[in-house]
Amino acid sequence: MGKFRNKFTGLFRCLTRRSSRRSSVNSSRSRTPEPLSRPQSSVPQSVSSSQGPPPADTPKGSVSIIPPKSIQGAMSTTDTDTARASVEPELAIEHVLCAQCQNSVTKSLILQSQKPSRGTEDFSQYISRAALEASAFGSTSTGTSAVACHLCSLILGKVQQHDNQQSVAETVPIHVALKVSRSGGVTLAIQSLEDARPRWLGELSVLSHADLEGSNASSDGNRGGKFSFPSQSSRTYQNAQLAKSLASEASFPLAREWLKQCLQKHPNCTEAARLATGRPTRLIDVGNDTGIDPRVVHMEYRNKSSELEYLTLSHCWGGATILRLLTDNIDSLAAGIPMSTLPKTFQDAIIITRNLGYRYIWIDSLCIIQDSLSDWRGCSASMGEIYGGSVCTIAALTARNSHDGGCFFDHARHPLFFRPCQITAGYWVEGNTNIATDLRTGLLPMPLHTRAWVVQERILAPRTLYYGSNGLAWECVECSATEAVPAGELSRFSPKTLFFGQWQLNNPNQYYDDWTGIQAAYTLCLLTKFEDRLVAISGVIKRLETLTGWKNSWGMWHERLLLDLLWFVESPSTRPKTKEYLAPTWSWLGVEGRIMTVLNTQEAASQWMAEIIDVGTQEDGQGYLKLRAMSRRVTVTTEGALNPGIERHAPKWEEVDWDRDEMDDVGNEICCILIVRIPDYLAHGGPAFDIGLVVSRKHAIGENWVRIGVFRQLREGNSLFPDDIVNAIDINIV
C-alpha cells in the first residue's frame, strides 16, 4: 500500500438575517449605549444616521469619476492632464503608458501587424528593477509624483509574483521581449539579466479585445453570480478595483454592497448564522464617530433570545506585543482606548466596522481577560460560536502579526497590477490575476490561514470580509467574490460552502469525510501553545455534535471510533509535554504534526476485526479505551520494521510496515492489534489488506498499553493474523 492514501474530501484542499433585538450593555462608565438594531431588509447604517457612512452606491467625494472604457488607444503621460485633474487622486488611472512603453509599442512590428508571424523581437529594457518600480509607481528621481505607467505596473506585478520563488534584487536589469508562438499567440516574456545571464520571470498575454472580453467575462458585475450590480451602480465595484488604498472611500462601497446583498438575499448564510448559540461576554464599542475612542463594554443579555449585532476580527497574533485586556486594566479600557495605543490591525478593523455601519466588534485579546484562567476557559470554549453568531468577520489575510501592515497595508497595494491594459486600438495586455487576493489560487496559504485558531473561525463565521495586501475578497456560505470577480461564484475551495452544503444534504458519512479534511488542514497549521490543540477546534466539534447527535471525546468520534483510531501522522513527530493532561495516546490530539486518515467511509465497508468494549475516563482523569481484538507480539528491527519473531527474527519477507507516531524509543514489549480487514484490496479476487494499531507497554501502568503507531499488511504468504477471529482478548489502551 506504501504510504496510506489520504482520503479526505475537498474541505480545505488547497479552506444573518437578524430580527430587531435589544440587549443591555453595562460597563464601569455611567453612559449605557443602546445597541444598534436594523431590519434585515435595510442597508446596514451607522449608529448615528447623521454621521454614518453614505449608501454603497454614493461614495464620498468624486470617486465615481473613472476613465472611460471606450479608449481607442493608450494614453501617453502628455495626454492625461485633463484626466488627472478630473479623477479622484485615490483612484489609479488605467491605460496610461510612460514614454518608454509608448515608444516600444509604436516601434513594434508585431503589434502593428494584423496577423503577426511567429518570432521574437526586443520590446523594452529597464536598467534596474528599481527603475521599473519607479515607472510603475509614478515616482521620479527628484521625488516628485508622476502618473504610474500601467504596462510597467503589469510587468512589475509579474516580477513580484516571481519573488515568491526567488527574489529579484533592486539593481538587476529587466528585459522584456515580444513573442509570437506557433499558434499565433502573443506574449510579453520577462527576464532578469543577473550577471549577464537571463532568468525567466514570467510572461503576460497580449490579447485582442474579443479575446479579452471572453477571458474577463466573470469580472463584469452584471454577469451572473450571487451579487448583482446594475449598470447605475457599476461604479461600486469599478472604483474598488481602481482604489489605490483599501482604506479609501473608493473601496468601502463594494464591501458594504457584498454585506448588504448577502444579508438580504442569501438564505443559506442566514441559516448558518442561526445555528450559533454562543454570545460574547464583552465587545468593543467603536462608537458612531471617528472622534470617539473605542471602549470595552460588558454584555448582559436580558433573556436567551436577546442578541446584539456585532462583527468579529480574525487575525494573526504572531508573537507581537499588543494591548491586552487584563484584570488590572479593565476599568481603564472600559473608559476608553486611545486609538494610538492599539496595533495597526485593530485600528484598521475599527475603521472598517464604522464604515460598514456597525458599532460593535469582538477582538479576542481585548474581549477575553488574558491573565484570568477562568475567563479564558469560558470564552475560548465558546469562541467558535462567537464567530458563528457575528454578522461578518473582518479577516486580516496577509498580516503576519498585529503590527504588520494591518488590514489596509498602506503603500503596498497597486491596483494596476491586476487590471488589463490597452496598448493599441487592437491589443490589450492581460492583468496578473494570479497574484490578486483570490481565495481560489496560490500554492501557499495566506499568513492568516497558517494559524490553527483560524480554521474554526473561517468555517463557522457565516460571512468573512478579507483584507489582503493586494486587495479585497469576500467569502460566505453561498459564494466567494473578489475585486476581479465582484459578482461572486460558488467556490470549490471554500470550507464554508462545503461544510454547510453537506449539512443540508444530511449525509452522516459525508460529515465524517469532511471532518477528516478539516482535521488534516487544522493539524497542518501552527499553534503558539500546544495545549490549545483541542480548544482551538472545539467549535467545529460542537457544531458537528449538534448537527449529527454524535459524541466526541478528545477529538475522537464515538460513533466512528474504530475508523477514527486509524489515523497516522504524516511524519514521525513528538508528543509535546503540557501542563495539564491533554489526551490519551489513541487520540491524535497529543501528537504534533499533520494528521491523516487511513480509510474514508466508503472504504470502511470492510470486515471489522475488533470491537469497542468501553471508552471513558479513569479516576485520575485520563482517558482509556477497551478493545476486544486479536493481538500479536512483534519486535522492531534495526531498520525500523515490525518482525513477528520474538526469540529470533523471522525471515524478512514476514516483516510488517508501520507508521510511527513519534521517533522516541518504543520499548521492548510491542503488540500489533488487528482492527480492520479490507478484502480484494488490489483487485477483485485479490489479497486482502490488514490494518491495525501498534501498542507498547512503555510508559503504561499495570496492564495498560499505549499507542505508538499503525501497521498495514497485504495478506500474501505469511500474515500476522489468521483468516478468522480467534483468541480475541480485551486490551486497555490509555
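Is Asn727 buried or exposed? Select it and see: Asn727 has a relative accessible area of 72%, so it is exposed (exposed means over 50% relative accessible area, buried under 20% and partly exposed in between, using a 1.4 Å probe and protein chains only).

Before going on, a word about the model. It is a predicted one, in which local features need pLDDT of at least 70 and side-chain atom pairs count only at pLDDT 80 or more, while totals for chains, interfaces and linings use all residues. Residues are numbered from 1 along each chain as its sequence is written, and side-chain values use heavy atoms, with hydrogens and water left out.

**Stop 1: two residues with positive phi**

Stay on Asn727, in the loop between β30 (706-714) and β31 (729-733). Helices (H or I, at least four residues) and strands (E, at least two) are DSSP runs, numbered from the N terminus. Asn727 is not a glycine, yet its phi is positive, at about 55°. Most residues other than glycine have a negative phi.

Now select His95, in the loop between α1 (81-86) and β3 (96-97). Its phi is also positive, about 65°, although His95 is not a glycine. With 5% relative accessibility, His95 counts as buried.

**Stop 2: α4 against α5**

Two packed helices are described by the angle between their axes and the distance between the axes. Show helix α4 (residues 129-137) and helix α5 (residues 150-163): they pack at an angle of about 130°, with axes 8 Å apart. Axes here are lines fitted to C-alpha atoms, for helices over the stretch in contact, and angles run from 0 to 180 degrees between N-to-C directions. The pair α4 and α5 is therefore oblique (angles under 35 degrees count as roughly parallel, over 145 as roughly antiparallel, 65 to 115 as roughly perpendicular and the rest as oblique).

To see what touches, pick Arg129, Leu132, Glu133, Ser135, Ala136 and Phe137 on α4, then Cys152, Ser153, Ile155, Leu156, Val159, Gln160 and Asp163 on α5. Contact means heavy atoms within 4.5 Å. By class, the residues of this α4 and α5 contact are 7 nonpolar, 3 polar and 3 charged (Ala, Val, Leu, Ile, Met, Phe, Trp, Tyr, Cys and Pro count as nonpolar, Asp, Glu, Lys and Arg as charged, and the others, Gly among them, as polar).

**Stop 3: the nonpolar cores**

Which residues touch the most other members of the largest nonpolar core? Select Leu465, Tyr467, Trp474 and Trp515, which do so in a core of 127 residues. A nonpolar core is a set of buried Ala, Val, Leu, Ile, Met, Phe, Trp, Tyr and Cys residues joined through side-chain atoms within 4.5 Å. Helix α8 (residues 252-265) gives the most to this core, with 7 residues.

Zoom in on Tyr467. Beyond its neighbours within four places in sequence, the contacts of Tyr467 include Leu246, Phe252, Ile352, Thr398, Phe408 and Leu472. There is also a second, separate core of 35 residues, with Cys152, Ile155, Leu178 and Phe418 among them.

For a residue that is partly exposed, go to Ile351 in helix α11 (residues 344-356). Its relative accessible area is 31%. Not counting residues up to four places away in sequence, Ile351 touches Phe252, Met339 and Phe408.

**Stop 4: α15, α17 and α18**

Show helix α15 (residues 453-460). With 8 of its 8 residues buried, α15 is largely enclosed by the rest of the structure. Add α18 (538-548): the axes of α15 and α18 come within 8 Å and cross at roughly 40°. That makes α15 oblique to α18. Their contact joins Gln456, Ile459 and Leu460 of α15 to Ser538, Gly539, Val540 and Arg543 of α18. By class it has 3 nonpolar, 3 polar and 1 charged residues.

Next, add α17 (508-524). The helices α17 and α18 pack at about 180°, with axes 12 Å apart, so α17 is roughly antiparallel to α18. The contact is made by Tyr511, Trp515 and Ile518 of α17 with Val540, Ile541, Leu544, Leu547 and Thr548 of α18. Here the classes are 7 nonpolar, 1 polar and no charged.

Finish on Leu527, in the loop between α17 and α18. At 24% relative accessibility, Leu527 is partly exposed. Leaving aside neighbours within four places in sequence, Leu527 is in contact with Ala452, Trp453, Tyr522, Asp532, Arg533 and Ala536. The C-alpha atoms of Leu527 and Arg451 are 6.6 Å apart, although 76 residues separate them along the chain.
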